[in-house]
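Hi,

Here is the structure we talked about. Please open it first, then read the notes below.

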Amino acid sequence: MKKPLLYRFIKEAEDKRVAIGHFNFSDIATMRGIVGAVRLIADKFHLNLPVCLGTSEGEVSYVGVGLAADIVRNLKKEGLSVFLNGDHIHSIEKLKTMVEAGYDSAVFDVSDLPFEQNIELTREAVKIAKGINKEFIIEGEVSHVGGSSKLLEDFPDDARLVPESLTSPDDARRFVESTGVDLIAPALGNIHGILKHSPNPRLDFARIKAIRAATAAPIVLHGGSGLRDEDFIQAIYSGVSVVHINTEIRLAWRKGLEAALGADEDEVAPYKIFPTAEKAIENIVFERLKLFNKLI
Ligand SMILES: [Zn+2]
């Protein structure tokens, strides 16, 4: 069977040692900012870059599964290579609503369960999702990537960066073989969120290479916000094919809104206020896409 388009784009990125950007949204300004950056890349570099738009369970509780799917369907009709991903979906019920609504992919995340239970439940999720849409792409989280997409006062309790809590190449291989997932999100020293008082930790690049060698499933890096540019470059070179960015976008959204609201206290038209946040998001996504795709 011919592999789904998104999967082929990811494999192509892997071969070229570039990465596909994954950006979360829960409102129109953010969605327009991300898509604006994709259009800007098309204008400046004559490239129709594949990009993933993501909604977590929290984000989609606001946007709605059907509306998110409709937005991305419309963008596809315009010729953009955008794909919709359910990000950290913890239940099979929620996963099913996304597959049925027309999402392209999802991260099925039960990584807080013990390894064997994670395998069992993820295998079930793969079977159900592909039973509804055989082209649906499933990503599994092998070991837990801790933190959450916000500014963090302290190092998150659920992110232990000792080597034994990171994903081993053997576990990655066994997880992929036993579950049938298309993509894996290993724990590589990454966390969700940006630490307020210190730089985010460095990634374990040797581990990325070893996992890449141990399994054919492309590697997705979560918690990209707050990483140094050179770490992205090295991670992608080592074998990461998709990078998730969320907190940076949320931060730009908030600062953009505050600036717009502060600039004119009498302004009440949302479509005049939101573009400041939208533009700030567009800039971040544009820079990230350039970095991930080696565009200068
Ligand atoms: Zn994540």
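**What turned up**

Asp157 counts as exposed, because its relative accessibility is 77%. The model is a predicted one, so please read everything here in that light. Asp157 sits in the loop between E6 and helix H7 (169–179). Its C-alpha atom is separated from that of Arg173 by 27 Å, although the two residues are 16 apart along the chain.

**The zinc site**

Which residues hold the zinc ion? His88 (NE2), His192 (NE2) and His222 (ND1) coordinate it, at 2.0 to 2.1 Å. Along the chain, the donors follow the spacing H-x103-H-x29-H. His88 belongs to strand E3 (residues 82–89), and His222 to the loop between strand E9 (219–221) and helix H9 (229–238). The pair therefore ties together parts that are 134 residues apart in sequence.

Are these two histidines buried or exposed? His88 has a relative accessible area of 15%, so it is buried. His222 is buried too, with a relative accessible area of 1%. The cut-off for buried is under 20%.

**The largest pocket**

His88 and His192 come up again here. They are among the residues that lie nearest the centre of the largest pocket, along with Gly147, Ser148 and Ser149. The lining has 27 residues. The space inside comes to about 400 Å³.

Several elements each supply at least two lining residues. They are helix H3 (57–63), E3, strand E6 (147–152), strand E8 (192–195), strand E10 (240–245) and helix H10 (247–263). E6 gives the most, with three residues. By class, the lining of this pocket divides into 18 polar, six charged and three nonpolar residues.

**The largest cavity**

How many cavities of 30 Å³ or more does a search of the whole structure find? The search finds one. The largest cavity holds about 70 Å³ of space. Its lining residues are Leu6, Ile10, His22, Cys52, Asn85, Ser105, Ile137, Glu139, Leu183, Val220, Val242 and His244. Helix H1 (5–16), strand E5 (137–141) and E10 each supply at least two of them. So E10 contributes to the lining of the largest cavity and to that of the largest pocket. The cavity lining has seven nonpolar, four polar and one charged residues.

**The cores**

The largest nonpolar core has 69 residues. Phe25, Leu95, Tyr103, Ile184, Val243 and Leu289 touch the most other members. Apart from this core lies another, of 13 residues. Its members include Ala13, Ile20, Phe83 and Val220. Val220 also lines the largest cavity.

Take Phe25 as an example. Leaving out residues up to four places away in sequence, Phe25 touches Thr30, Met31, Ile34, Leu53, Gly54, Thr55, Glu59, Val63, Ala68, Ile71 and Leu84.

Thr30 is one of those contacts. It lies in helix H2 (residues 28–45). Thr30 counts as buried, because its relative accessibility is 6%. With the sequence limit of four places again applied, Thr30 touches Asn24, Phe25, Ile249, Trp253 and Ile281.

Best wishes

Note on methods. Residues numbered from 1 in each chain as written. Predicted model: local features only at pLDDT ≥ 70, side-chain atom pairs only at ≥ 80, totals over all residues. Heavy atoms only, no water. Core = buried A, V, L, I, M, F, W, Y, C linked by side-chain atoms within 4.5 Å. Buried < 20%, exposed > 50% of the residue type's maximum accessible area, 1.4 Å probe, protein only. Contact = heavy atoms within 4.5 Å. Helix = DSSP H or I, 4+ residues; strand = E, 2+ residues; numbered from the N terminus. Donors = N, O, S within 2.8 Å, 3.2 Å for Na, K, Ca; no water. 1 Å grid on protein atoms, 1.4 Å probe; cavity = no way out; pocket = protein on both sides within 12 Å on 5 of 7 lines; lining within 4 Å. Points joined across faces, edges and corners; volume = space filled by probe spheres on them. Nonpolar A, V, L, I, M, F, W, Y, C, P; charged D, E, K, R; others polar.
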